[in-house]
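Me: I'd like a close look at the salt bridges in this one. Could you walk me through who pairs with whom and where the partners sit?

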Amino acid sequence: MNLAQKDLQHIWHPCSQMKDYEDLPPIIIDHAKGLYLYDVHGKRYADVVSSWWCNLLGHCNERINNAVKNQIDKLEHVIFANFSHTPAIDLCDRLSQILPAGLTKFLFTDNGSSAIEAAMKMSFQYHYQTGNPQKTRFIALSDAYHGETVGALSVGGVDLYSRIYKPMLLDIIRVNGPDCYRCRYGQHRDSCQAPCFAAAEQAFANYADTVCAFIAEPLVQGAAGMKIYPPIYLKKLRQACDQYKVHLIVDEIATGFGRTGKMFACDHANISPDIICLSKGLTGGYLPMALAVTTQTVYDAFYADYSEGKAFMHSHTYSGNPLACSAANEVLAIMQEECILENSNKNANYFRQLISDNLINHKHVGETRSIGLINAIELVADKSSKQPFDPKQRIGYQIYKKALAKGVVLRPLGDVLYFNPPLTINREEMDFVIQVCKECIGNVL
Ligand SMILES: *Cc1c(COP(=O)(O)O)cnc(C)c1O
């Protein structure tokens with residue numbers, strides 16, 4: 001039995017119809033360096049999806065490797081209630097200097113979904129303890145994605161992931177969010193004043209009395225197909241949250257750490273949320289760790305004598321794992337010392353141009369859109385009507401398989417192909433992956 005067969009004998013892979021693996025067996029990766037993964041047969045794959053958007057500075061970065069190696073010989077893990085350690089303290093100190101203003105209290109969890117759950121409970125309990133126990137509900141955007149655990153899935157709005165579980169999920173107030181490619185107001189994201197915010201405004205007016213928080217992915221709705229919307233929407237959202245005394249929970253799990261060209265997507269709108277959720281790029285994609293970071297105001301509502309029962313009784317076994325913290329500290333040091341953002345922004349202009357030069361004229365490319373190094377290519381059956389393909393055709397999946405054969409991990413979201421590469425990708429690598437992408441679109445369409 002070969003390795004792939006043995007894998008399929010044992011392993012249930014995430015987010016997969018396992019029957020598809022009959023046709024496309026798992027690719028067994030042996031090692032990786034920079035942009036590239038190498039399988040056990042020596043075949044190379046360009047990881048332009050950053051291994052599910054988490055690899056930030058390339059695989060097996062020497063500095064991060066050494067930081068983790070050094071830490072592992074000192075302290076691998078310790079209970080984080082009553083105990084602490086330098087890597088966690090240093091990390092919060094560093095992050096508090098770069099996060100949007102006012103985010104100063106750090107709660108550790110161990111993956112993105114659990115940070116969302118913590119943020120939701122934190123907001124709920126804040127209102128409970130500050131005289132507004134009727135504020136129990138959440139508002140979220142259409143097409144939102146916040147993770148897969150039951151609370152996080154509830155605020156998510158992508159049917160593909162949540163439809164079957166609806167009877168298990170919380171009752172969320174859903175707002176029609178921005179949909180810039182198919183704008184209902186006939187406007188363009190680069191110049192509009194977000195008239196689509198009216199739907200959110202209406203939800204605040206109708207429900208704010210019973211709402212503790214509005215949760216949103218800032219500027220990029222990743223799982224929805226890298227849908228990109230303008231900062232003005234976020235500004236309006238911040239104002240409305242203030243006006244209606246509703247917390248703004250911002251999910252920067254995918255957008256944080258330079259993915260959008262600024263350290264955080266919120267920085268494009270100059271706003272601060274009441275709670276920010278971070279994960280993925282936080283550790284450079286090395287180890288599972290996440291944070292829900294909040295304000296002194298929220299924190300203070302939990303601070304009381306023990307007997308008042310106001311503590312946040314929330315924990316995860318691996319909270320504040322020192323190995324993950326050591327990776328995260330090194331990521332921030334590298335970003336600063338090696339001018340990662342400045343360089344990636346220069347390359348981002350090149351990448352954007354390359355993609356539009358090579359792909360925009362194809363008869364099935366409806367839109368190319370980008371922010372930072374994130375670039376999406378939305379394929380449509382008909383360009384003028386923006387009519388999507390029948391999902392049963394699995395156009396994106398067919399292109400994915402072709403690109404894999406040519407050594408590029410062009411994993412689509414439906415019929416949206418996208419690049420969300422490590423910030424360290426160079427121009428030669430960009431040329432290669434776009435050439436392959438163009439060929440594969442041509443092969444299939
Ligand atoms: C990945 C992701 C999550 C969930 O994180 P997990 O670590 O997979 O649980 C939540 N929100 C956004 C925006 C994400 O991209």
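Reply: First, the yardstick: a salt bridge here is a side-chain nitrogen of Lys or Arg within 4 Å of a carboxyl oxygen of Asp or Glu. Bear in mind that this is a predicted model, where local features need pLDDT of at least 70 and side-chain atom pairs count only at pLDDT 80 or more, while totals for chains, interfaces and linings use all residues. Residues are numbered from 1 along each chain as its sequence is written, and side-chain values use heavy atoms, leaving out hydrogens and water.

Searching the whole structure turns up 17 salt bridges. Let's begin with Lys 227 and Asp 143, whose closest N and O atoms are 2.8 Å apart. Lys 227 belongs to strand E9 (residues 227–228) and Asp 143 to the loop between strand E5 (137–141) and H6, so this pair ties together parts 84 residues apart in sequence. (Helices are DSSP runs of H or I with at least four residues, strands are E runs of at least two, and both are numbered from the N terminus.) Lys 227 is buried at 13% relative accessibility, whereas Asp 143 is partly exposed at 26%. For those labels, buried means under 20% relative accessible area, exposed over 50%, and partly exposed in between, using a 1.4 Å probe and protein chains only.

Next up is Arg 63 with Glu 330, whose side chains meet at 2.9 Å, N to O. This bridge links distant parts of the chain, with Arg 63 in helix H3 and Glu 330 in helix H12 (residues 322–337), 267 residues apart. Arg 63 is partly exposed at 27% relative accessibility, while Glu 330 has 18% and counts as buried.

While we're around H3, have a look at His 59, in the loop between helix H2 (50–53) and helix H3 (62–72). His 59 is buried, with a relative accessible area of 14%. Setting aside neighbours within four places in sequence, His 59 is in contact (heavy atoms within 4.5 Å) with Ala 32, Lys 33, Gly 34, Tyr 36, Leu 37, Asp 47 and Ser 51.

Then there's Arg 369 and Glu 378, bridged with 2.9 Å between the closest N and O atoms. Both Arg 369 and Glu 378 are buried. They also take part in a salt-bridge network that links them with Arg 182, Arg 189 and Glu 367.
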